[in-house]
Amino acid sequence: MGKSIAAFYTWSGKTKEMAEKIAALTGAELVEIKAAVPYSEDYKTCVDQSRQEANDETGRAIEPVNVDMSDVDTIYLGGPVWFSTFAPPLLTFIRDNNGFAGKKVCPFCTFGGHAGHYFADVKKFCPDAEVTKMLEVKEGGSDEEIAEWVNSLK
């Protein structure tokens, strides 16, 4: 049996907190996806930098990820909702790993407004994966929301 990972991209730190909680509850290995060239820490500048990448579905170059994906069965995949979808570095991670074909993908996201088409896009870019129901929470959610979602996946 393979292992599980909690792979995430974070900008403000909220998604990292969620991923850490998910990893603690599931025993998954934490895997942070980082942009090769980080986005600005200034919100408006970050929005300007990422809007076109999200709209064009071009992704964004990421730093090498040190995990042997051939050993992974389950991927808890999370990030912030940007422009109604996932942040471009996550798209690059998905594409770099063949859409996680044959793996179980458990998407989670945090948002300030709404989740948009984040879930539909995970399914779109992971067509040969088993995609579970998604955890979508405002501003990182609560410990209870995260635990309920993890328990519902069993």
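**Packing of helix α5 and the nonpolar cores**

The buried residues of helix α5 are covered by elements that include α1 (14–26), β3 (72–82), β5 (104–111) and β7 (135–138). The model examined here is predicted. Helix α5 spans residues 143–152, and its buried residues are I146, W149 and V150. These three residues lie on the same side of α5, because they cover an arc of only 100° around the axis. Such an arrangement accords with helical geometry: an α-helix has 3.6 residues a turn, so residues three or four places apart point the same way. On the face of α5 turned away from the buried side, the exposed residues E144 and E148 are found.

One contact of this helix involves aromatic rings. Across the whole structure, a search returns nine aromatic pairs. In the pair formed by F108 and W149, the ring centres are 6.1 Å apart and the planes meet at 55°, so the pair is classed as tilted. Distant parts of the chain are linked by this pair, since F108 belongs to strand β5 and W149 to helix α5, with their positions 41 residues apart in sequence. Burial was assigned with a cut-off of under 20% relative accessible area. F108 therefore counts as buried, its relative accessibility being 0%, and W149, with a relative accessible area of 4%, is likewise buried.

The largest nonpolar core comprises 33 residues, of which I5, L77, F93 and F100 touch the most other members. Two or more residues of this core are supplied by each of β1 (3–8), β3, α3 (88–96), β5 and α4 (118–125). The largest contribution, five residues, comes from β3. When residues up to four places away in sequence are not counted, L77 is in contact with A7, L90, F93, I94, F100, V105, C106, P107, F108 and Y118. F108 thus appears both among the contacts of L77 and in the tilted pair with W149. A second core, separate from the largest one, consists of 16 residues, among them A19, A23, L135 and V137. In soluble globular proteins, nonpolar side chains tend to be buried together.

Aromatic residues also group elsewhere in the model. Y9, Y39 and W82 form one aromatic cluster. The ring of Y39 has, in addition, a charged partner: the charged end of R60 sits over this ring, at 3.9 Å from its centre.

Definitions and conventions
Residues numbered from 1 in each chain as written. Predicted model: local features only at pLDDT ≥ 70, side-chain atom pairs only at ≥ 80, totals over all residues. Heavy atoms only, no water. Buried < 20%, exposed > 50% of the residue type's maximum accessible area, 1.4 Å probe, protein only. Helix = DSSP H or I, 4+ residues; strand = E, 2+ residues; numbered from the N terminus. Arc of directions from axis to C-beta. Contact = heavy atoms within 4.5 Å. Core = buried A, V, L, I, M, F, W, Y, C linked by side-chain atoms within 4.5 Å. Phe/Tyr/Trp six-rings, centres within 6.5 Å; stacked < 30°, edge-to-face > 60°. Lys NZ or Arg CZ within 6 Å of the ring centre and 35° of its normal.
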